[in-house]
Amino acid sequence: MTIIAIGIDLAKNVFAVHGVNEGGKAVLVRPTVKRDALLEMVAKLPPCLIGMEACSGAHHWAREFAKFGHDVRIIAAKFVAPYRLSGRRGKNDAADAQAICEAVQRPHMRFVPIKSEDAQARLSIHRVRQGFVEQRTATINRIRGLLSEYGHILPQKAEVVRREAGRCLEDLPGWANTAIGDLLSEVHRLDERIAEYDRHIAVMAQADERCRRLMGMPGIGEKTATALMASIGNGHDFKCGRQLAAWLGLVPGQYSSGGKQRLGRITKAGDSYLRMLLILGARSVVVAAKKKADRLSRWVTELVNRRGYWKAVVAVAAKNARMAWAMLSKGEAFEPIS
């Protein structure tokens with residue numbers, strides 16, 4: 001039994017495994033493999049190509065399987081679905097494992113870079129901080145909603161809500177005063193936790209020389225630099241900067257046919273958190289370009305006048321992604337052209 005490719009459908013407790021030989025014949029079909037037995041089974045197999053969907057735990061299993069000499073690849077779930085023979089109606093773990101096994105052998109398939117434990121640990125800081133930010137936003141909106149019941153209409157700006165909600169406490173009935181006061185205390189606690197995680201990210205950025213180089217580029221700060229480093233490393237998984245921009249969903253979708261090119265809105269594929277950071281950084285570049293006269297600022301100003309504000313913001317974000325790839329892959333620093 002010579003196995004050349006294996007597809008594994010990951011789960012919490014029960015996994016499905018599908019392996020084929022050189023002729024494409026299924027020679028290893030295990031629809032139910034217990035979690036404790038998966039690593040032992042893979043360790044007994046000769047080195048081969050292993051494919052998995054990008055999901056929770058995929059990077060951990062990829063690192064473990066690679067220790068036994070296997071060539072492990074992670075695929076986005078949307079690229080696996082077209083290879084499921086039973087289509088959408090016949091989805092099950094065994095069919096998914098077979099589809100993964102077929103997809104991983106395609107010569108032009110795109111794969112997800114396997115992250116190290118350190119990279120995942122750094123991204124955990126970003127994920128937890130973003131969770132605190134979302135909780136704070138939800139709490140502030142809850143305060144605004146409750147106060148509107150008593151005729152106090154507050155704007156969406158967080159600083160104004162903190163200030164005005166405190167002034168409204170004395171005018172509220174007893175239980176409402178207690179509820180709003182507790183929510184304001186929760187907002188204050190979340191502010192402290194977010195500030196603490198900001199300090200963690202600052203320490204990570206200053207400790208890495210590549211992050212310091214990235215921060216020399218307009219529109220890239222500590223959060224964007226550390227998130228990029230943890231997500232793509234040296235960028236060697238991408239052939240060029242344009243491929244990285246496409247992976248981040250910063251390129252227009254194509255609807256071309258018959259030799260006529262039609263470009264639509266950006267695809268918004270890939271990591272939404274990284275794309276958000278690049279967009280926010282690009283907005284600061286576009287705003288600051290009005291007061292500067294360097295080459296980049298002149299290009300940004302002309303782009304805003306020609307194509308509009310938001311298209312210019314996306315263009316700057318895509319440009320920063322391409323320049324970040326060039327800096328990471330070639331080990332160069334940012335040198336603005338006067």
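How many nonpolar, polar and charged residues does the lining of the second largest pocket have? In this predicted model, the answer is 12 nonpolar, 2 polar and 6 charged residues, and the paragraphs below place that lining beside the lining of the largest pocket and then turn to a loop residue.

The second largest pocket has a volume of about 750 Å³. Of the 20 residues that line this pocket, Leu250, Val251, Pro252, Ile266 and Val314 are the closest to its centre. The elements that each supply at least two residues of this lining are α10, β6, β7 (263-266), α12 (295-307) and α13 (309-330), and the greatest contribution, 6 residues, is that of α13.

The largest pocket holds about 1,000 Å³ of space, and among its 35 lining residues Phe111, Val112, Pro113, Phe238 and Trp247 lie nearest the centre. At least two lining residues are supplied by each of β5 (71-75), α3 (77-80), α5 (117-148), α10 (241-247) and β6 (252-254), with α5 providing the largest share, 4 residues. Sorted by class, the lining of the largest pocket comprises 18 nonpolar, 9 polar and 8 charged residues. Two elements, α10 and β6, thus appear in the lists for both pockets.

Turning to the loop residue, Asn21 is found between β2 (14-20) and β3 (26-34), where its side chain reaches the backbone nitrogen of Lys25 at 2.9 Å. Once neighbours within four places in sequence are set aside, Asn21 is in contact with Thr2, Ile4 and Val27.

Terms used
Residues are numbered from 1 along each chain as its sequence is written. This is a predicted model: local features need pLDDT of at least 70, side-chain atom pairs count only at pLDDT 80 or more; totals for chains, interfaces and linings use all residues. Side-chain values use heavy atoms; hydrogens and water are left out. A polar contact is a pair of N or O atoms within 3.5 Å; within protein, one must be able to donate a hydrogen and the other to accept it, and residues adjacent in sequence count only if both atoms are side-chain atoms. Contact means heavy atoms within 4.5 Å. On a 1 Å grid over the protein atoms alone, a cavity is a set of points where a 1.4 Å probe fits but cannot get out, and a pocket is an open set with protein on both sides within 12 Å along at least five of seven lines; lining residues have an atom within 4 Å of a point. Grid points are joined across faces, edges and corners, and a volume is the space filled by probe spheres set on the points. Ala, Val, Leu, Ile, Met, Phe, Trp, Tyr, Cys and Pro count as nonpolar, Asp, Glu, Lys and Arg as charged, and the others, Gly among them, as polar.
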